[in-house]
Amino acid sequence: MKVLAGNSNRPLAEAISTCLGVPLTKASIRRFSDMEVFVEILENVRGEDVFVVQSTSFPANDNLMELLVTIDALRRGSARRITAVLPYYGYARQDRKTGPRTPISAKLVANLITQAGANRVLTMDLHAGQIQGFFDIPTDNLMAAPVFEKDIRATFGDIGEVTMVSPDVGGVVRARSLAKRLDADLAIIDKRRERAGVSEVMNIIGDVKNRRCILLDDIVDSGGTLCNAAVALMDAGAKSVHAYCTHGVLSGGAVARVAVSPLEQLVTTDSIQATEAVRVSRNIRQLTIAPLLADAITRISEERSVSSLFS
């Protein structure tokens, strides 16, 4: 087994390497003066089972191209199997046509990764589970739920006061799954999105009065959805509001928006490397998914079940 790190999230790749007890493969990934990506693998990979760790987060296009060129370099170096490890799968929100003459970019990216030469994909909490079907190669979609469950139990203690809340109807399955693991109550927020990046909370389905509410989502980008939901929950009588999101995109003024919101804490994973603003924020913290990814990588390499991680 060999593990190779791209530039998008080097700390996570190093943590995975430490968990596996396997040093990162030496490689040179650099840019020419016109910003073309050049990749040179500095170790023999012929016949090896290689895992490329690269989140396609900001800058998404640069990181995606870096991944594709790295996969091509490994394929031409005669690697036996190449697994693209994508802790965060960019373009996942473009998973359907939202209007006439619009793309399905999540499918296009899947095609690019497959055609570049990847034999398998390992990712986490896809925005829509059916994106797995966009790939014509085996795809494992891990869940952050076990990591969140452990942290919630350690943080809240008495789960009897906790209500899991889905910030929209589309996330009900995710919230229900974690609520079941915790044996907690469930509530749903019905919102209407007028345009991209702007959300309006409409109704709360379920009783949240005097409850410690935990909002659960896969991606937090602008933070508008979570902050509006937190305001609505507090107005409905909630005792406190926390949020757990797998992928902390946190673009634009999201960190500042979360800082002044009623959210006591926003917890994300390190699927996307934290910016300086996130690191110094008073109410945002990250949980590592390195042990979970390392366990999944080991199981794939040893041809063992990955789904049993969550049973």
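These legends go with a set of views of one predicted model, going from the whole chain to single residues.

**View 1. The whole chain, with its nine helices and 14 strands.** Start zoomed out: the C-alpha atoms fill a box of roughly 60 × 45 × 35 Å along the principal axes. The radius of gyration is 20 Å, which agrees with the value near 19 Å for a compact globule of 311 residues.

**View 2. Inside and outside of the chain.** Of the 311 residues, 53% count as buried. On the outside, the accessible surface comes to about 14,100 Å², and carbon and sulfur atoms own 50% of that. As for how the chain folds back on itself, take the contacts between residues at least 6 apart in sequence: 62% of them join residues at least 24 apart.

**View 3. The annotated "binding site" residues Asp34, Met35, Glu36, Arg93 and Gln94.** The label comes from an unreviewed UniProt entry. Don't look for one cluster here: the set spans 61 residues in sequence and its farthest two C-alpha atoms sit 29.6 Å apart, so these residues do not all gather at one spot. From this set, Arg93 and Gln94 are part of the lining of the second largest pocket.

**View 4. Met35, in the loop between β2 and β3.** The strands on either side are β2 (27-31) and β3 (37-41). Is Met35 buried or exposed? Its relative accessibility is 53%, and the cut-off for exposed is over 50%, so Met35 counts as exposed. UniProt includes Met35 in the "binding site" feature, along with residues such as Asp34 and Glu36.

**View 5. Arg93 and the residues it touches.** Arg93 belongs to the loop that runs between β5 (81-86) and α3 (105-116). Which residues does Arg93 touch, leaving out those up to four places away in sequence? They are Tyr88, His127, Ile219 and Asp221. Even with those contacts, Arg93 has 38% relative accessibility and therefore counts as partly exposed. Arg93 also helps line the second largest pocket, as does Gln94.

**View 6. Ser311, in the segment after α9.** Helix α9 covers 290-301, and Ser311 comes after it. With a relative accessible area of 82%, Ser311 is exposed. For a ruler back along the chain, use Ala296: the two residues are 15 apart in sequence, and their C-alpha atoms are 14 Å apart in space.

Note on methods. Residues are numbered from 1 along each chain as its sequence is written. This is a predicted model: local features need pLDDT of at least 70, side-chain atom pairs count only at pLDDT 80 or more; totals for chains, interfaces and linings use all residues. Side-chain values use heavy atoms; hydrogens and water are left out. UniProt positions are given in the numbering used here, feature names are shortened, and annotations may be inferred rather than shown by experiment. On a 1 Å grid over the protein atoms alone, a cavity is a set of points where a 1.4 Å probe fits but cannot get out, and a pocket is an open set with protein on both sides within 12 Å along at least five of seven lines; lining residues have an atom within 4 Å of a point. Helices (H or I, at least four residues) and strands (E, at least two) are DSSP runs, numbered from the N terminus. Buried means under 20% relative accessible area, exposed over 50%, partly exposed in between (1.4 Å probe, protein chains only). Contact means heavy atoms within 4.5 Å. The radius of gyration is taken over C-alpha atoms; the globule rule is 2.2 Å times the number of residues to the power 0.38. Accessible areas come from the Shrake-Rupley method with a 1.4 Å probe; for residues, only the protein chains shown count as cover.
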